[in-house]
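Visitor: I am new to reading protein models, and I would like to learn how to go from a picture to careful statements. Could you take me through one, feature by feature?

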Amino acid sequence: MEKKNPLLAGLLNMLVPGSGYWYVDEDRGHFIKTLLIGIAAIVAMVVVGTTLQKTTGFPLPQGTCVGMLLLIVLVPLFLNGQKAASHHNFVIDNASLYTGRQHGTGEAQLARNQHLRDKGMISEQEYDSRKDNLTSKK
């Protein structure tokens, strides 16, 4: 698994609601749910903004009301996409940290394998194979 860019996930989620979830985890459920809710919210904000703009006595420039109302939808979409990517990266970092702690450093693994060889628990060929694997990873 590779890390995902939180800024890109947020922008994708804002441009096409739910696409940030697809970019991060290919999560079809979140993608469809966010797409439907996001489109409905955007349409509702455009309709409300246009209606408010057309009322008499509302001295705002054309599109200002719609733009402000759209921010109410687009900012949370951006933040949710960013949060999904950050959580994904956090999980990857913790998994690699756990794996590193479980296996230890290369020197510790080599010492452990040598100890197993000395006790007769692994063969000389198995020891050499493990040693070659450890040195090739460096």
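Visitor: Let me start with a single residue: is P76 buried, partly exposed or exposed?

Guide: Before I answer, please keep in mind that this is a predicted model. A residue counts as buried under 20% relative accessible area and as exposed over 50%, with partly exposed in between. P76 has a relative accessible area of 36%, and therefore P76 is partly exposed. This residue lies in helix α4.

Visitor: Which elements make up the protein as a whole?

Guide: The protein has six helices and zero strands, so that, read from the N terminus on, the elements run α-α-α-α-α-α.

Visitor: What percentage of the residues is buried?

Guide: Of the 138 residues in the protein, 23% are buried.

Visitor: How far is P76 from N13, along the sequence and in space?

Guide: It helps to keep the two kinds of distance apart when reading a fold. P76 and N13 are separated by 63 residues in sequence, while their C-alpha atoms are 9.5 Å apart in space. Another pair to look at is V43 and L70, which are 27 residues apart in sequence and 9.2 Å apart from C-alpha to C-alpha.

Visitor: Which residues line the largest pocket?

Guide: Both P76 and N13 belong to that lining, and the others are Y21, H30, K33, T34, I37, G38, A41, V73, L77 and N80. The space in this pocket comes to about 170 Å³.

Visitor: Which helix supplies the largest share of that lining?

Guide: The largest share comes from α3, with six residues. When we ask which helices give at least two residues each, both α3 and α4, the latter spanning residues 64-103, meet that condition.

Visitor: How many of the lining residues are nonpolar, polar and charged?

Guide: A lining can be described by the character of its residues, and here the division is six nonpolar, five polar and one charged.

Visitor: Now to the surface: which residues make the nonpolar patch?

Guide: I39, V43 and V47 make a nonpolar surface patch of about 250 Å². I39 is found in helix α3, which covers residues 28-54, and V43 has its place in helix α3 as well.

Visitor: Why do I39 and V43 count as partly exposed?

Guide: I39 has 44% relative accessibility and therefore counts as partly exposed, and V43, because its relative accessible area is 46%, is also partly exposed. A residue must be over 30% to be considered for a patch, and both of these values fulfil that condition.

Visitor: How many salt bridges does a search of the whole structure find?

Guide: The search finds four. To read one, look for a side-chain nitrogen of Lys or Arg within 4 Å of a carboxyl oxygen of Asp or Glu. In the case of K4 and E2, the side chains meet at 3.7 Å from N to O. The two partners are placed in unlike surroundings, because K4 counts as buried at 16% relative accessibility, whereas E2 is exposed with a relative accessible area of 55%.

Visitor: Where do R130 and E126 lie?

Guide: Both are in helix α6, residues 124-137, and they are four residues apart, which is about one turn of the helix. They form a salt bridge whose closest N and O atoms are 2.9 Å apart. R130 is partly exposed at 28%, and E126 is partly exposed at 33%.

Visitor: Which residues are linked in a network of salt bridges?

Guide: The network links R117, D118 and E124. Within it, the side chains of R117 and D118 meet in a salt bridge of 3.5 Å, N to O. R117 counts as partly exposed at 21% relative accessibility, while D118, at 56%, counts as exposed.

Visitor: My last topic is the backbone: what is the phi of E26?

Guide: The general idea is that most residues other than glycine have a negative phi. E26 is not a glycine, and yet its phi is positive, at about 50°. This residue lies in the loop between α2, residues 19-25, and α3, and E26 counts as exposed because its relative accessibility is 56%.

Key. Residues are numbered from 1 along each chain as its sequence is written. This is a predicted model: local features need pLDDT of at least 70, side-chain atom pairs count only at pLDDT 80 or more; totals for chains, interfaces and linings use all residues. Side-chain values use heavy atoms; hydrogens and water are left out. Patches are made of residues with over 30% relative accessible area and no salt bridge: like charges are joined within 9 Å, nonpolar side chains (Val, Leu, Ile, Met, Phe, Trp, Tyr) within 5 Å. Accessible areas come from the Shrake-Rupley method with a 1.4 Å probe; for residues, only the protein chains shown count as cover. Buried means under 20% relative accessible area, exposed over 50%, partly exposed in between (1.4 Å probe, protein chains only). On a 1 Å grid over the protein atoms alone, a cavity is a set of points where a 1.4 Å probe fits but cannot get out, and a pocket is an open set with protein on both sides within 12 Å along at least five of seven lines; lining residues have an atom within 4 Å of a point. Grid points are joined across faces, edges and corners, and a volume is the space filled by probe spheres set on the points. Ala, Val, Leu, Ile, Met, Phe, Trp, Tyr, Cys and Pro count as nonpolar, Asp, Glu, Lys and Arg as charged, and the others, Gly among them, as polar.
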